[in-house]
Amino acid sequence: MLNQISNPNETPIDSIRSDFALAVFKVNATDKKSISLRSTQPRLGEDIAAYGFPLNGILSDSIKVTTGNINSLVGMENDTRFMQVSTPLQPGNSGGPIVDHWGSVVGMATSVLGSKFADATGITPQNVNFAIRSNVIELFLQSRDIKFESSVPQAGAPPLSTADLSDKIVPSTVSILCHGKPMAQVANQTPTTAPVAPTTTVSPPMSRGFQSLTNVDVIGFDYSTLRSVSSEQCSAACQADPSCRATTYNKKEHFCFLKNDAKLLVRNYDADANVASDLMGSTVVSTFTIASSRDMAGGDYLRLRNSSFIGCYLECEKDWKCRAFAYTRKKNDCWLKNQTGRLSVKAGVDLGVR
(Lines give C-alpha, C1' and ligand atoms only; values in the text may rest on other atoms or scores of the structure.)
Protein backbone atom coordinates (compact mmCIF):
# COMPACT_ATOMS: atom_id res chain seq x y z
CA MET A 1 0.00 0.00 0.00
CA LEU A 2 1.18 3.54 -0.70
CA ASN A 3 1.34 5.23 2.68
CA GLN A 4 1.46 8.70 4.16
CA ILE A 5 3.96 8.86 7.03
CA SER A 6 4.44 11.79 9.38
CA ASN A 7 7.60 12.74 11.26
CA PRO A 8 7.73 16.05 13.18
CA ASN A 9 11.51 16.25 12.78
CA GLU A 10 11.47 16.11 8.97
CA THR A 11 12.33 19.02 6.78
CA PRO A 12 9.88 19.61 3.87
CA ILE A 13 12.14 17.83 1.39
CA ASP A 14 12.73 14.94 3.82
CA SER A 15 8.99 14.38 4.08
CA ILE A 16 8.55 13.80 0.36
CA ARG A 17 11.75 11.92 -0.44
CA SER A 18 11.13 8.38 -1.63
CA ASP A 19 12.32 5.12 -0.12
CA PHE A 20 11.17 1.56 -0.36
CA ALA A 21 11.19 -1.88 1.16
CA LEU A 22 11.34 -5.10 -0.84
CA ALA A 23 10.06 -8.45 0.33
CA VAL A 24 9.71 -11.90 -1.21
CA PHE A 25 6.58 -14.01 -0.66
CA LYS A 26 6.20 -17.67 -1.48
CA VAL A 27 2.80 -18.27 -3.05
CA ASN A 28 1.41 -21.80 -3.12
CA ALA A 29 -0.17 -21.54 -6.53
CA THR A 30 1.15 -23.99 -9.10
CA ASP A 31 -0.91 -22.43 -11.90
CA LYS A 32 0.89 -19.07 -11.66
CA LYS A 33 3.69 -18.29 -14.08
CA SER A 34 6.44 -15.81 -13.29
CA ILE A 35 6.91 -12.60 -15.24
CA SER A 36 10.42 -12.03 -16.54
CA LEU A 37 12.51 -9.02 -15.56
CA ARG A 38 13.68 -6.86 -18.41
CA SER A 39 17.46 -6.95 -18.51
CA THR A 40 17.96 -3.93 -20.78
CA GLN A 41 17.52 -0.27 -19.96
CA PRO A 42 14.00 1.06 -20.58
CA ARG A 43 13.63 4.09 -22.82
CA LEU A 44 12.48 7.55 -21.85
CA GLY A 45 8.87 7.95 -23.01
CA GLU A 46 8.35 4.20 -23.45
CA ASP A 47 4.76 2.95 -23.15
CA ILE A 48 4.13 0.96 -19.98
CA ALA A 49 1.25 -0.49 -17.95
CA ALA A 50 0.74 -0.97 -14.21
CA TYR A 51 -1.21 -3.86 -12.69
CA GLY A 52 -2.51 -4.07 -9.15
CA PHE A 53 -5.42 -4.04 -6.74
CA PRO A 54 -5.88 -0.37 -5.76
CA LEU A 55 -8.26 0.84 -3.02
CA ASN A 56 -9.07 -2.60 -1.69
CA GLY A 57 -12.46 -2.69 0.00
CA ILE A 58 -13.67 0.33 -1.96
CA LEU A 59 -13.28 -0.64 -5.60
CA SER A 60 -14.00 -4.12 -6.96
CA ASP A 61 -11.79 -7.08 -6.05
CA SER A 62 -10.68 -7.58 -9.66
CA ILE A 63 -7.23 -6.60 -10.91
CA LYS A 64 -6.89 -3.11 -12.43
CA VAL A 65 -4.66 -1.84 -15.22
CA THR A 66 -3.53 1.72 -15.91
CA THR A 67 -1.34 2.84 -18.77
CA GLY A 68 1.17 5.60 -19.31
CA ASN A 69 4.79 6.34 -20.10
CA ILE A 70 8.18 6.48 -18.48
CA ASN A 71 8.55 10.18 -17.62
CA SER A 72 12.08 9.97 -16.25
CA LEU A 73 14.70 7.25 -15.90
CA VAL A 74 15.58 8.47 -12.38
CA GLY A 75 13.56 9.35 -9.30
CA MET A 76 13.50 12.30 -6.95
CA GLU A 77 16.82 14.05 -6.35
CA ASN A 78 18.41 11.93 -9.11
CA ASP A 79 17.81 8.68 -7.21
CA THR A 80 18.74 6.06 -9.82
CA ARG A 81 16.97 3.24 -7.96
CA PHE A 82 13.68 4.69 -9.20
CA MET A 83 12.04 5.88 -12.36
CA GLN A 84 9.14 8.31 -12.71
CA VAL A 85 6.02 7.08 -14.50
CA SER A 86 2.71 8.56 -15.61
CA THR A 87 0.72 5.37 -15.03
CA PRO A 88 -1.80 6.43 -12.32
CA LEU A 89 -1.16 4.67 -9.00
CA GLN A 90 -3.32 4.43 -5.88
CA PRO A 91 -3.00 2.81 -2.44
CA GLY A 92 -2.94 -0.91 -3.20
CA ASN A 93 -0.86 -0.58 -6.37
CA SER A 94 2.34 -0.73 -4.35
CA GLY A 95 4.28 -3.90 -5.10
CA GLY A 96 2.51 -4.42 -8.41
CA PRO A 97 4.39 -4.88 -11.68
CA ILE A 98 5.12 -2.06 -14.12
CA VAL A 99 5.58 -3.79 -17.48
CA ASP A 100 6.60 -2.85 -21.00
CA HIS A 101 4.37 -3.73 -23.95
CA TRP A 102 6.26 -6.96 -24.60
CA GLY A 103 5.32 -8.26 -21.16
CA SER A 104 8.56 -7.80 -19.19
CA VAL A 105 8.80 -6.11 -15.81
CA VAL A 106 10.61 -2.76 -15.98
CA GLY A 107 9.73 -1.71 -12.43
CA MET A 108 7.58 -2.15 -9.34
CA ALA A 109 5.05 0.46 -8.19
CA THR A 110 6.12 2.18 -4.98
CA SER A 111 4.92 5.72 -4.36
CA VAL A 112 3.34 8.95 -5.56
CA LEU A 113 3.63 12.62 -4.73
CA GLY A 114 0.60 13.70 -2.74
CA SER A 115 -0.58 16.07 -0.05
CA LYS A 116 2.75 16.32 1.80
CA PHE A 117 4.46 17.65 -1.29
CA ALA A 118 1.68 20.19 -1.78
CA ASP A 119 1.85 21.25 1.87
CA ALA A 120 5.63 21.58 1.79
CA THR A 121 5.97 23.41 -1.53
CA GLY A 122 2.60 24.96 -2.34
CA ILE A 123 2.63 23.03 -5.63
CA THR A 124 -0.08 20.50 -6.41
CA PRO A 125 1.56 17.58 -8.26
CA GLN A 126 -0.20 16.14 -11.28
CA ASN A 127 0.10 12.37 -11.65
CA VAL A 128 3.71 12.09 -10.44
CA ASN A 129 4.40 8.44 -9.62
CA PHE A 130 7.49 6.34 -8.95
CA ALA A 131 8.57 2.73 -9.45
CA ILE A 132 11.61 0.74 -8.35
CA ARG A 133 13.66 -0.12 -11.42
CA SER A 134 14.00 -3.74 -12.49
CA ASN A 135 17.80 -3.76 -12.04
CA VAL A 136 17.31 -2.97 -8.32
CA ILE A 137 14.84 -5.85 -8.03
CA GLU A 138 17.37 -8.06 -9.82
CA LEU A 139 20.09 -7.07 -7.35
CA PHE A 140 17.73 -7.85 -4.45
CA LEU A 141 16.93 -11.32 -5.81
CA GLN A 142 20.53 -12.16 -6.68
CA SER A 143 21.72 -11.19 -3.21
CA ARG A 144 19.37 -13.85 -1.82
CA ASP A 145 20.14 -16.48 -4.47
CA ILE A 146 16.53 -16.39 -5.66
CA LYS A 147 16.11 -17.58 -9.24
CA PHE A 148 14.29 -15.38 -11.74
CA GLU A 149 13.78 -15.09 -15.48
CA SER A 150 15.09 -12.20 -17.54
CA SER A 151 14.24 -11.12 -21.06
CA VAL A 152 15.08 -8.63 -23.78
CA PRO A 153 12.50 -7.26 -26.25
CA GLN A 154 13.07 -9.08 -29.53
CA ALA A 155 14.23 -6.89 -32.38
CA GLY A 156 11.34 -6.22 -34.71
CA ALA A 157 8.74 -7.84 -32.44
CA PRO A 158 5.61 -5.67 -32.40
CA PRO A 159 4.45 -4.44 -28.98
CA LEU A 160 1.30 -6.02 -27.56
CA SER A 161 -1.94 -4.13 -27.26
CA THR A 162 -3.03 -3.40 -23.69
CA ALA A 163 -5.70 -6.11 -23.96
CA ASP A 164 -3.22 -8.74 -25.20
CA LEU A 165 -0.71 -7.59 -22.59
CA SER A 166 -3.34 -8.06 -19.88
CA ASP A 167 -4.01 -11.61 -21.06
CA LYS A 168 -0.32 -12.30 -20.38
CA ILE A 169 0.19 -10.40 -17.11
CA VAL A 170 -3.07 -10.86 -15.19
CA PRO A 171 -2.66 -14.64 -14.58
CA SER A 172 0.71 -13.95 -12.94
CA THR A 173 -0.43 -11.14 -10.63
CA VAL A 174 -1.97 -11.91 -7.25
CA SER A 175 -3.30 -9.78 -4.41
CA ILE A 176 -1.56 -10.09 -1.03
CA LEU A 177 -3.52 -8.59 1.86
CA CYS A 178 -1.79 -7.33 5.00
CA HIS A 179 -4.19 -7.36 7.92
CA GLY A 180 -4.31 -4.09 9.82
CA LYS A 181 -6.35 -0.90 9.77
CA PRO A 182 -9.37 -1.31 7.43
CA MET A 183 -9.01 0.39 4.08
CA ALA A 184 -12.10 2.51 4.74
CA GLN A 185 -10.24 4.28 7.55
CA VAL A 186 -7.40 5.36 5.29
CA ALA A 187 -9.29 5.90 2.05
CA ASN A 188 -9.29 9.67 2.46
CA GLN A 189 -5.54 9.87 2.96
CA THR A 190 -3.69 11.22 -0.06
CA PRO A 191 -0.76 8.93 -0.88
CA THR A 192 2.72 10.33 -0.78
CA THR A 193 6.24 9.02 -0.71
CA ALA A 194 7.77 7.76 2.50
CA PRO A 195 10.77 9.39 4.23
CA VAL A 196 14.18 7.79 3.86
CA ALA A 197 14.94 5.36 6.68
CA PRO A 198 16.49 1.90 6.93
CA THR A 199 14.36 -0.99 8.12
CA THR A 200 14.51 -0.46 11.87
CA THR A 201 13.80 -2.54 14.94
CA VAL A 202 14.53 -1.10 18.36
CA SER A 203 16.75 -3.50 20.33
CA PRO A 204 16.86 -6.18 21.86
CA PRO A 205 19.24 -7.94 21.41
CA MET A 206 21.38 -5.08 22.77
CA SER A 207 20.44 -3.42 26.05
CA ARG A 208 23.02 -0.61 26.27
CA GLY A 209 20.99 1.89 24.26
CA PHE A 210 21.45 0.44 20.78
CA GLN A 211 19.19 0.35 17.75
CA SER A 212 19.12 -2.68 15.43
CA LEU A 213 19.01 -2.08 11.68
CA THR A 214 18.16 -4.81 9.19
CA ASN A 215 19.88 -4.93 5.77
CA VAL A 216 22.09 -1.98 6.69
CA ASP A 217 25.88 -1.54 6.78
CA VAL A 218 27.73 1.04 8.89
CA ILE A 219 30.56 2.46 6.80
CA GLY A 220 33.98 2.90 8.41
CA PHE A 221 35.26 3.26 12.00
CA ASP A 222 36.24 -0.43 12.33
CA TYR A 223 38.61 -1.16 15.22
CA SER A 224 38.14 -4.93 15.56
CA THR A 225 36.93 -7.86 13.44
CA LEU A 226 35.50 -11.11 14.80
CA ARG A 227 35.32 -14.11 12.47
CA SER A 228 33.00 -17.13 12.45
CA VAL A 229 30.57 -15.68 14.99
CA SER A 230 26.80 -15.47 15.16
CA SER A 231 24.78 -12.26 15.09
CA GLU A 232 24.04 -12.70 18.80
CA GLN A 233 27.76 -13.11 19.59
CA CYS A 234 28.51 -9.97 17.57
CA SER A 235 25.95 -7.99 19.57
CA ALA A 236 27.23 -9.39 22.87
CA ALA A 237 30.84 -8.49 22.02
CA CYS A 238 29.87 -4.88 21.35
CA GLN A 239 27.70 -4.79 24.45
CA ALA A 240 30.64 -5.89 26.59
CA ASP A 241 33.09 -3.34 25.14
CA PRO A 242 32.60 0.30 26.25
CA SER A 243 34.53 1.46 23.16
CA CYS A 244 31.99 -0.15 20.81
CA ARG A 245 29.43 2.27 19.43
CA ALA A 246 28.21 0.30 16.41
CA THR A 247 28.53 -3.03 14.61
CA THR A 248 28.11 -4.44 11.15
CA TYR A 249 27.43 -8.16 10.88
CA ASN A 250 28.04 -9.88 7.53
CA LYS A 251 25.35 -12.57 7.37
CA LYS A 252 27.02 -14.60 4.60
CA GLU A 253 30.59 -14.61 5.92
CA HIS A 254 29.66 -14.51 9.64
CA PHE A 255 32.05 -11.61 10.23
CA CYS A 256 31.46 -9.04 12.96
CA PHE A 257 32.95 -5.54 12.64
CA LEU A 258 33.13 -3.55 15.86
CA LYS A 259 33.12 0.22 15.36
CA ASN A 260 33.84 3.18 17.61
CA ASP A 261 31.55 5.57 15.74
CA ALA A 262 28.84 5.69 13.05
CA LYS A 263 28.20 8.44 10.53
CA LEU A 264 27.05 6.80 7.29
CA LEU A 265 24.57 3.97 6.74
CA VAL A 266 24.16 2.16 3.40
CA ARG A 267 21.73 -0.53 2.33
CA ASN A 268 23.40 -3.93 2.16
CA TYR A 269 21.23 -7.04 2.02
CA ASP A 270 24.16 -9.12 3.27
CA ALA A 271 24.48 -7.12 6.49
CA ASP A 272 22.73 -6.14 9.71
CA ALA A 273 23.86 -3.36 12.02
CA ASN A 274 23.59 -2.05 15.56
CA VAL A 275 24.10 1.65 16.27
CA ALA A 276 24.19 3.45 19.62
CA SER A 277 20.86 5.25 20.01
CA ASP A 278 22.49 8.61 20.73
CA LEU A 279 24.31 8.43 17.36
CA MET A 280 21.21 7.82 15.25
CA GLY A 281 20.32 11.50 15.05
CA SER A 282 23.66 12.34 13.41
CA THR A 283 23.88 9.42 10.96
CA VAL A 284 23.24 9.86 7.25
CA VAL A 285 21.37 7.25 5.20
CA SER A 286 22.99 6.83 1.80
CA THR A 287 21.00 6.31 -1.39
CA PHE A 288 23.37 3.48 -2.37
CA THR A 289 22.66 -0.24 -2.19
CA ILE A 290 25.77 -2.35 -1.62
CA ALA A 291 26.18 -5.98 -2.71
CA SER A 292 29.18 -8.24 -2.19
CA SER A 293 30.49 -10.56 -4.93
CA ARG A 294 28.49 -8.72 -7.58
CA ASP A 295 29.57 -6.74 -10.63
CA MET A 296 27.82 -4.77 -13.35
CA ALA A 297 28.93 -4.69 -16.96
CA GLY A 298 29.52 -1.44 -18.80
CA GLY A 299 29.30 2.21 -17.91
CA ASP A 300 32.93 2.53 -16.68
CA TYR A 301 34.19 6.08 -17.13
CA LEU A 302 36.90 6.38 -14.46
CA ARG A 303 39.39 3.97 -12.87
CA LEU A 304 40.97 4.86 -9.54
CA ARG A 305 43.98 2.78 -8.49
CA ASN A 306 45.11 2.05 -4.93
CA SER A 307 41.71 2.95 -3.58
CA SER A 308 39.78 1.66 -0.58
CA PHE A 309 36.14 0.65 -0.54
CA ILE A 310 35.19 3.76 1.43
CA GLY A 311 37.28 5.95 -0.86
CA CYS A 312 35.60 4.39 -3.89
CA TYR A 313 32.18 4.97 -2.40
CA LEU A 314 32.96 8.61 -1.55
CA GLU A 315 34.28 9.31 -5.06
CA CYS A 316 31.01 8.04 -6.53
CA GLU A 317 28.91 9.85 -3.92
CA LYS A 318 30.35 13.26 -4.75
CA ASP A 319 30.29 12.85 -8.56
CA TRP A 320 26.88 13.62 -10.05
CA LYS A 321 27.69 11.49 -13.13
CA CYS A 322 28.32 8.37 -11.04
CA ARG A 323 25.39 5.95 -10.94
CA ALA A 324 27.29 2.92 -9.61
CA PHE A 325 30.75 1.78 -8.61
CA ALA A 326 32.63 -1.52 -8.51
CA TYR A 327 35.50 -2.06 -6.08
CA THR A 328 37.93 -4.95 -6.61
CA ARG A 329 39.44 -5.98 -3.28
CA LYS A 330 42.53 -7.81 -4.57
CA LYS A 331 43.76 -4.97 -6.80
CA ASN A 332 42.25 -2.10 -4.75
CA ASP A 333 40.80 -0.72 -7.98
CA CYS A 334 37.73 1.49 -8.07
CA TRP A 335 35.60 1.70 -11.23
CA LEU A 336 33.06 4.51 -11.45
CA LYS A 337 30.09 3.94 -13.78
CA ASN A 338 27.80 6.50 -15.38
CA GLN A 339 25.06 3.98 -16.16
CA THR A 340 23.67 0.78 -14.71
CA GLY A 341 23.69 -2.52 -16.58
CA ARG A 342 23.12 -6.21 -16.12
CA LEU A 343 24.29 -7.71 -12.83
CA SER A 344 26.59 -10.71 -12.59
CA VAL A 345 28.18 -12.76 -9.83
CA LYS A 346 31.89 -11.97 -9.42
CA ALA A 347 33.96 -12.96 -6.42
CA GLY A 348 36.13 -10.26 -4.88
CA VAL A 349 34.06 -7.35 -6.17
CA ASP A 350 31.83 -5.06 -4.09
CA LEU A 351 29.17 -3.24 -6.07
CA GLY A 352 27.38 -0.04 -5.10
CA VAL A 353 24.29 1.18 -6.98
CA ARG A 354 22.41 4.41 -6.33
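These exercises work through the cores, a helix, a strand pairing, ring pairs and salt bridges of a predicted model.

**Exercise 1. The main core**

Task: Find which residues touch the most other members of the largest nonpolar core, and which elements supply this core.

Solution:
- Step 1. The largest nonpolar core has 21 residues. Val99 and Ile132 touch the most other members.
- Step 2. At least two residues each come from β2 (47-52), β6 (105-112), β7 (129-133), α3 (134-143) and α4 (162-169). The most come from α3, which gives 4 residues.
- Step 3. Look around Val99, setting aside neighbours within four places in sequence. Its contacts include Asp47, Ile48, Ala49 and Tyr51. Ser104, Val105 and Val106 are also among them, as are Leu165 and Ile169.
- Step 4. A second core is separate and has 19 residues, including Cys234, Cys244, Ala246 and Val275.

**Exercise 2. The two sides of α4**

Task: Determine which residues of α4 are buried and where they sit around the axis.

Solution:
- Step 1. Leu165, Ser166 and Ile169 are the buried residues of α4.
- Step 2. These residues lie on the same side of α4, because they cover an arc of only 100 degrees around the axis. An α-helix has 3.6 residues a turn, so residues three or four places apart point the same way.
- Step 3. Ala163 and Asp167 are exposed on the other side of α4.
- Step 4. The buried residues pack against β2, β3 (64-72) and β5 (97-100).

**Exercise 3. The partners of β13**

Task: Identify the strands that pair with β13 (255-259), and give the number of bridges for each.

Solution:
- Step 1. β11 (222-226) pairs with β13 in the antiparallel sense over 4 bridges. Here Leu226 stands opposite Cys256.
- Step 2. β12 (246-250) also runs antiparallel to β13, joined by 5 bridges. Thr248 stands opposite Phe257.
- Step 3. β12 and β13 make a hairpin, with 4 residues between them. In the turn, His254 has a positive phi of about 60 degrees.

**Exercise 4. Ring pairs**

Task: Describe the geometry of the Phe255–Phe257 pair and of the Phe288–Tyr313 pair.

Solution:
- Step 1. The whole structure has 6 aromatic pairs.
- Step 2. Phe255 and Phe257 are edge-to-face, at 6.3 Å centre to centre and 65 degrees between the planes. Phe255 is partly exposed at 22% relative accessibility. Phe257 is partly exposed at 21%.
- Step 3. Phe288 and Tyr313 are edge-to-face too, at 5.1 Å and 70 degrees. Phe288 is in β15 (284-296) and Tyr313 in α7 (309-318), so the pair ties together parts 25 residues apart in sequence. Both residues are buried.
- Step 4. Ring pairs link Phe288, Phe309, Tyr313, Phe325 and Tyr327 into a cluster.

**Exercise 5. Salt bridges across the chain**

Task: For Glu138–Arg342, Asp270–Lys252 and Asp295–Lys346, state where each partner lies and whether it is buried or partly exposed.

Solution:
- Step 1. The structure holds 15 salt bridges.
- Step 2. Glu138 and Arg342 meet at 3.3 Å, N to O. Glu138 is in α3 and Arg342 in the loop between β18 (333-337) and β19 (343-353), 204 residues apart. Glu138 is buried at 2% relative accessibility, whereas Arg342 is partly exposed at 38%.
- Step 3. Asp270 and Lys252 meet at 3.9 Å. Asp270 is in β14 (264-276) and Lys252 in the loop between β12 and β13. Asp270 is buried at 4%; Lys252 is partly exposed at 40%.
- Step 4. Asp295 and Lys346 have their closest N and O atoms 3.8 Å apart. They lie in β15 and β19, respectively. Asp295 is buried at 14%, and Lys346 is partly exposed at 44%.

Note on methods: Residues are numbered from 1 along each chain as its sequence is written. This is a predicted model: local features need pLDDT of at least 70, side-chain atom pairs count only at pLDDT 80 or more; totals for chains, interfaces and linings use all residues. Side-chain values use heavy atoms; hydrogens and water are left out. A nonpolar core is a set of buried Ala, Val, Leu, Ile, Met, Phe, Trp, Tyr and Cys residues joined through side-chain atoms within 4.5 Å. Buried means under 20% relative accessible area, exposed over 50%, partly exposed in between (1.4 Å probe, protein chains only). Contact means heavy atoms within 4.5 Å. Rings of Phe, Tyr and Trp (its six-membered ring) pair if their centres lie within 6.5 Å; planes under 30 degrees apart count as stacked, over 60 as edge-to-face and the rest as tilted. The arc is that of the directions from the helix axis to the C-beta atoms. Two strands pair if DSSP finds at least two bridges between them. A salt bridge is a side-chain nitrogen of Lys or Arg within 4 Å of a carboxyl oxygen of Asp or Glu.
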